[in-house]
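Load the structure in your viewer and keep a selection prompt at hand. The tour below goes stop by stop, giving a selection and then what is there.

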Amino acid sequence: MTRFEWRGGPASVRFESVLDPVELTHEKDDLWSAEVEMPPRLRVTYHFFDGDEHADPSNPSGAGPNRSIFATPGLEPQPHWPVVGPDEVLDVPSLRVRWNGSLGRKTVRVHQGGEPVVLLLDGDDWMYVHPAVAAFESAVKNGEMPPATLVFLPTPRDRGAEYGSSALWQAIRDELLPLLAENGVTVDLSRFVVAGQSLGGLSAFRAALDFPDVVSKVACQSGSFWWARDLPEHGLSLDGPAGGDTAERLGALPDLSGLRVAFDVGEHEPRMHRHCEAVEELAAQAGVTVRVNRSPAGHDRAGWRHALVRDVAWLLS
C-alpha cells in the first residue's frame, strides 16, 4: 500500500489512466490521507483535486505545475530525466520559427544540438512539462546517441483532426522543412526521426506509410492504432477491429523494408495491446525493421519519456 497525504480540505487523489480516483479520508486538523494499493511495476502521473488540481507538495518529482510522478519501489530508473519540481520553470529552446501555412499559425521551437533532426509531436509537453532537451543532452553526454537537433511541433488544438489526416505531413514536407532550412536547420531525410505518442504515435507511423521519402524512422509510444474512420465518434473507439485502419492498410502495402520503427506501449494499458500488437506484427511482416518494448506505465508521458530517448537513440544508431 502507498500512503498519500494532503493538507487542506476534502480532496481526492487522481491518477493518469491507470487507477480510479480515490477520496481522501480526514485524519485530524487539516490532514487528509488515503492508502492506495498500487499495481507492481508502475510509474504514473498523479495529482490532488479539491476543485482545482495540485501537485503533491511532499513529492519533489513534478510534471508541470500541477502534477507529480510516482514510481513503485524497485522500478528501474529513468536515467536521463532530471527531477524537476512543480514550481520550476523550464527553459525553452531559443530558436523560434514562425510557421504560417496551410494549417494556420504555429510557433515551432528548435534546440540546435547536432546534424540529425528529431521532430517531436506534441512538443509543448516536451518543453513545458518534461525536460526533453536536458534528457537528450544527458544521453549524448553518456555516449548513447549523437548530438541531435530537436524540433518541437506545438500540440494542435484538435489532436484528432490534425493527427488523423495526412494533410499535416504534406504541410511538414512542403512548408515546414523548407522553412527550417531558411532558419539554418537543414534536415537530412536519411537521418530524420519523428517521435509521437498516442494519436501522435498513430500520425507518425502513418506518415511513414504515406510519405516514406520523408519519414523513414519513427519512435511510436502507445500509438492509437484502434483509430478507424468508419467507427462511431469519428473513430474514437478501442472496441473496433485490431489495429484499426492502420492494420488494414499494412495488409495491402508493398515491401516496407526502408522503414525503421520503434514501438512501445504501457504494460498497464491492456486495451491498447491487441491494437499495437496487430500493427507491430504486420509491420514486421511487411519488411519494416521493428523494435518492440513495453514500459511499466499506463497511457502516460511519465512512461513514454524513457522510451522516447531510448528509441530515438536506437533509430540513430
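Select His26 and Trp32: in this predicted model, His26 stands opposite Trp32 in β5. Extend the selection to the two strands around this pair. β4 and β5, the latter covering residues 31-36, pair in the antiparallel sense over three bridges.

Now add residues 2-7, which form β1. The three strands make an open sheet in the order β1-β5-β4, and the pairing is antiparallel. Which strands are at the edge? They are β1 and β4 (25-28), each of which pairs on one side only. Look along the sheet for its twist, which averages 35° from one strand to the next. With the backbone displayed, keep in mind that strands of a sheet pair through backbone hydrogen bonds, either parallel or antiparallel.

Next, select residues 244-252, helix α7, and pick out Glu248 within that helix. Is Glu248 buried or exposed? Its relative accessibility is 60%, so Glu248 counts as exposed, the cut-off being over 50%. Then add Ala278 and draw a C-alpha to C-alpha distance: Glu248 and Ala278 are 9.9 Å apart in space, with a separation of 30 residues in sequence.

The last stop is helix α9, residues 301-315. From first C-alpha to last, the 15 residues of α9 reach 20 Å, close to the 21 Å expected at 1.5 Å a residue. Colour α9 by accessibility: the helix is mostly covered, with 14 of its 15 residues buried. Finally, show the side chain of Asp300, which caps the N-terminal end of α9. A side-chain oxygen of Asp300 lies 2.9 Å from the backbone nitrogen of Ala302.

Terms used: Residues numbered from 1 in each chain as written. Predicted model: local features only at pLDDT ≥ 70, side-chain atom pairs only at ≥ 80, totals over all residues. Heavy atoms only, no water. Pairing = 2+ DSSP bridges. Helix = DSSP H or I, 4+ residues; strand = E, 2+ residues; numbered from the N terminus. Axes fitted to C-alpha atoms, helices over the stretch in contact; angles between N-to-C directions. Buried < 20%, exposed > 50% of the residue type's maximum accessible area, 1.4 Å probe, protein only. Expected span 1.5 Å × (residues − 1). Polar contact = N/O pair within 3.5 Å; in protein donor to acceptor, adjacent residues only side chain to side chain.
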